[in-house]
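Dear colleague,

I am passing on the structure we spoke about, and it follows directly below. After it I have set out what turned up when its side-chain pairings and contacts were computed, and I would be glad if you read the two side by side.

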Amino acid sequence: MKLSDVDIVSHLERRDILIEPPPTPECFGSFSIDLRLGHTFRVFADNRCPYLDPGAMDGIRTIEETMQEVVIPEGEAFYLHPGELALGVTLERIVLPNHLAGWLDGRSSLARVGLMVHLTAHTIDPGWNGRITLEFFNSGRLPLALRPLMRICALSFESLTSPTSRPYHSKQGAKYRNQEGPLPSRIAND
C-alpha cells in the first residue's frame with residue numbers, strides 16, 4: 001500500500017524516512033515527493049572500445065574505465081543528445097527503514113519531451129542509504145538541457161507487510177551502498 005502525503009510527512013517528522021536536504025513544500029505530491037537533480041553525471045567517454053562485456057571482470061576495459069565524470073555548476077546545463085545514455089544522481093540523500101520500499105518514477109512533463117529517467121531500476125530497497133543514480137535516456141529528436149536542482153523524478157513509498165530481514169544497508173555484496181554520485185554498473189561483481 002502506497003503512503004499518502006500525510007503519511008510521508010509523518011514518517012519524515014519521526015525521522016523514519018530521512019531526506020537531506022529536506023524537501024520543499026512544492027516537492028510534495030498526493031503520494032510522492034519530487035527529487036531534484038544533482039550536479040554530477042557519468043557519460044561514456046570514448047568509442048575506441050569495440051564492445052562492453054558487462055559480466056567480464058577482465059574484459060578489454062571495465063565499464064568504470066569507459067565512463068567519465070562530468071560536474072555541472074549551478075546555473076549551467078548538461079545536454080543529453082538524442083539516443084544517448086547518461087547517469088545522473090539525485091541532489092537528495094535518501095534513508096529508508098527496513099519496512100518501506102521506495103518507487104522512483106520519471107515526471108510526466110519530462111517524459112513528454114523524450115526524457116527517460118530510469119531504464120529499469122525504479123525500486124529503492126528497504127534499508128537504502130544514499131543518493132539515487134538516475135539512468136537518463138533521450139528518446140526524443142532534440143538535445144535536452146538537464147539543469148542541476150531541477151525537479152527530475154518522483155519518489156513514492158510502499159509499506160511492506162513486515163520489516164525485511166535483508167535490508168540493503170547490511171546486505172552481503174550490496175554494490176551501491178552509501179553511494180554519493182552516479183556509479184557505473186557493477187554487474188561484474190555478481
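Asp34 counts as buried, because its relative accessibility is 11%, which falls under the 20% limit used for that class. Please keep in mind throughout that this is a predicted model. Asp34 forms a salt bridge with Arg107, and the closest N and O atoms of the two are 3.7 Å apart. Since Asp34 lies in strand β2 (residues 33-36) and Arg107 in the loop between β7 (100-106) and α3 (108-111), the pair ties together parts that are 73 residues apart in sequence. Arg107, for its part, is partly exposed, with a relative accessible area of 22%. The pairing does not stand alone, for Asp34, Arg107 and Arg151 are linked in a network of salt bridges.

How many salt bridges does a search of the whole structure find? The search finds six, and two others among them deserve a description here. The side chains of Glu180 and Arg131 meet in a salt bridge at 2.6 Å, taken from N to O. This pair, too, links distant parts of the chain, with Glu180 in the segment after β12 (151-159) and Arg131 in strand β10 (residues 129-138), 49 residues apart. Glu180 is partly exposed, its relative accessible area being 43%. Arg14 forms a salt bridge with Asp16, where the closest N and O atoms are 3.7 Å apart, and Arg14 is exposed, with a relative accessible area of 52%.

Strand β10 also holds Thr133, which counts as buried at 16% relative accessibility. The side chain of Thr133 makes a polar contact with the side chain of Gln179, at 3.1 Å. If one leaves aside the neighbours within four places in sequence, Thr133 is in contact with Leu87, Gly88 and Val89, and likewise with Gln179, Gly181, Pro182 and Leu183.

Turning to the aromatic side chains, the count comes to three aromatic pairs. The rings of Phe41 and Phe78 have their centres 4.1 Å apart and their planes at 5°, so this pair is stacked. Because Phe41 lies in strand β3 (residues 40-44) and Phe78 in strand β5 (residues 78-80), the pair ties together parts that are 37 residues apart in sequence. Phe41 is buried, with a relative accessible area of 0%, and Phe78 counts as buried at 8% relative accessibility. The rings of Phe41 and Phe136 have their centres 6.3 Å apart and their planes at 40°, so that pair is tilted. It links distant parts of the chain, with Phe41 in strand β3 and Phe136 in strand β10, 95 residues apart. Phe136 counts as buried at 0% relative accessibility, and Phe41, Phe78 and Phe136 form one aromatic cluster.

Phe136 is also one of the residues touched by Met116, which, not counting residues up to four places away in sequence, touches Glu135, Phe137 and Ser139 as well. Met116 has its place in strand β8 (residues 115-116) and is partly exposed, with a relative accessible area of 37%. The C-alpha atoms of Met116 and Leu85, which are 31 residues apart along the chain, are separated by 9.5 Å.

With best wishes

Technical notes
Residues numbered from 1 in each chain as written. Predicted model: local features only at pLDDT ≥ 70, side-chain atom pairs only at ≥ 80, totals over all residues. Heavy atoms only, no water. Salt bridge = Lys/Arg side-chain N within 4 Å of Asp/Glu carboxyl O. Buried < 20%, exposed > 50% of the residue type's maximum accessible area, 1.4 Å probe, protein only. Helix = DSSP H or I, 4+ residues; strand = E, 2+ residues; numbered from the N terminus. Contact = heavy atoms within 4.5 Å. Polar contact = N/O pair within 3.5 Å; in protein donor to acceptor, adjacent residues only side chain to side chain. Phe/Tyr/Trp six-rings, centres within 6.5 Å; stacked < 30°, edge-to-face > 60°.
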